[in-house]
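Thanks for making the time this morning. I would like to take you through one structure, and I will try to keep each statement to what can be read from the model itself.

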Amino acid sequence: MLNQIRADGYRQLHTLGIYIVLLVTVIFSALITSGQSVGGIMINADDIRMNELSKSDWSILTGLRSATLSSTVLLYLYIAIFIIVIGHEFSQKTYKNTLVSGISRLQFILSKYVMILLDVFVMTFCYYLAALITGKVMNRLWGGEIGEISRNLGEMTLVIGFFISVIFSVGVILLILSNSIVVSAVFIVLWPILIALVAMMTTWKWIKYFDFMGVAQRIALGSLKIDQVGPYIVTSLVVLIVAIVGSALIVRRKEL
């Protein structure tokens, strides 16, 4: 499995697409921070808290919180990572060449997930780092203690990166079943929208635990504390385990 991760890492370092995604991520972060933009792609929004944030004196900490609100856009930007790491292999069916080399199906799926997770973490960290640097270049005040800002950057990088990777893991199942990048990409795009719509149209309280992208936004707005994300983490871990094991079982049934 480690050899597969190293091979994927080497391939990505020589893939132009990964650098384009990184560049777009950094530019997007710099633009929303410099332009004092508040918001993202969302259906359920706390307009009062968002207005308070937009009208407050902008600091570097405010910029990081605003970046969190706009983090839903990252899910769509990072679809390119999904395609580069695993999408292309299944759409072209070149994954069979890897499987005949001796790696198990579970190890193969795990290695792909780990690679996606690492990519998303690095990209998300660069996203927040660009927001911090942009705020500093514009001579904004820190807005809090250095420790608080560092903790905010680290926590949001982990939370957003992990939840995006969970959604991608479910997309892997559809990719394996359909051998179609389009089907899996459409699912990834629709996931947060469908979850938000179901939550609005029903009285199902438990559906909120599947609103992975909404968690980070509620943290940024202060309506959800970081120490209250336990149920969301547990739900995502269950989804992740089912997705990885399910993907491995489906691949096992495919003909090589």
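**Salt bridges, a cavity, a pocket and a patch**

Let me start with one acidic side chain: Asp8 is buried, with a relative accessible area of 2%. Please keep in mind throughout that this is a predicted model.

What does Asp8 pair with? Its partners account for the salt bridges here, of which the structure holds 2. In one of them Arg11 joins Asp8, and the closest N and O atoms are 3.1 Å apart. Arg11 and Asp8 both belong to helix 1, residues 2-13, and because they are 3 residues apart they are separated by about one helical turn. As a reminder, an α-helix has 3.6 residues a turn, so residues three or four places apart point the same way. Unlike Asp8, which is buried at 2%, Arg11 is partly exposed, with a relative accessible area of 31%.

The other salt bridge brings the side chains of Lys112 and Asp8 together, at 3.0 Å from N to O. Lys112 lies in helix 8 whereas Asp8 lies in helix 1, so this pair ties together parts that are 104 residues apart in sequence. Both Lys112 and Asp8 are buried. Taken together, Asp8, Arg11 and Lys112 are linked in a network of salt bridges.

Lys112 also leads us to the next feature, since it is one of the residues that line the largest cavity. How many cavities of 30 Å³ or more are there? The count comes to 1, and the volume of the largest cavity is about 80 Å³. Its lining also includes Ile86, Tyr113, Phe168 and Ile244. Three helices, namely helix 8 (105-137), helix 9 and helix 12 (230-253), each supply at least two residues of that lining. By class, the lining of the largest cavity divides into 8 nonpolar, 3 polar and 1 charged.

From the cavity I turn to a pocket, the second largest, which holds about 310 Å³ of space. Of the 13 residues lining this pocket, Arg65, Glu148, Asn152, Glu155 and Ile219 are the closest to its centre. Which helix gives the largest share of the lining of the second largest pocket? That is helix 9, with 5 residues. Helix 4 (60-69), helix 9 (146-178) and helix 11 (212-221) each contribute at least two residues to the lining. The make-up by class is 5 nonpolar, 3 polar and 5 charged residues, to be set beside the 8 nonpolar, 3 polar and 1 charged in the lining of the largest cavity.

Helix 4 deserves a word of its own, because with under 20% relative accessible area taken as buried, this helix is mostly covered, 9 of its 10 residues being buried. Among the buried residues of helix 4 are Ile60, Leu61, Gly63, Leu64 and Leu69.

Finally, let us look at the surface, where Val182, Val186, Leu190, Leu194, Leu197, Met200 and Met201 form a nonpolar patch, with about 670 Å² of accessible area together. Val186, one member of this patch, is found in helix 10, residues 181-201. How is Val186 classed by accessibility, buried, partly exposed or exposed? At 40% relative accessibility, Val186 counts as partly exposed, and so a residue of this nonpolar patch falls in the class that also holds Arg11, at 31%.

Notes
Residues are numbered from 1 along each chain as its sequence is written. This is a predicted model: local features need pLDDT of at least 70, side-chain atom pairs count only at pLDDT 80 or more; totals for chains, interfaces and linings use all residues. Side-chain values use heavy atoms; hydrogens and water are left out. On a 1 Å grid over the protein atoms alone, a cavity is a set of points where a 1.4 Å probe fits but cannot get out, and a pocket is an open set with protein on both sides within 12 Å along at least five of seven lines; lining residues have an atom within 4 Å of a point. Grid points are joined across faces, edges and corners, and a volume is the space filled by probe spheres set on the points. Helices (H or I, at least four residues) and strands (E, at least two) are DSSP runs, numbered from the N terminus. Ala, Val, Leu, Ile, Met, Phe, Trp, Tyr, Cys and Pro count as nonpolar, Asp, Glu, Lys and Arg as charged, and the others, Gly among them, as polar. Patches are made of residues with over 30% relative accessible area and no salt bridge: like charges are joined within 9 Å, nonpolar side chains (Val, Leu, Ile, Met, Phe, Trp, Tyr) within 5 Å. Accessible areas come from the Shrake-Rupley method with a 1.4 Å probe; for residues, only the protein chains shown count as cover. A salt bridge is a side-chain nitrogen of Lys or Arg within 4 Å of a carboxyl oxygen of Asp or Glu. Buried means under 20% relative accessible area, exposed over 50%, partly exposed in between (1.4 Å probe, protein chains only).
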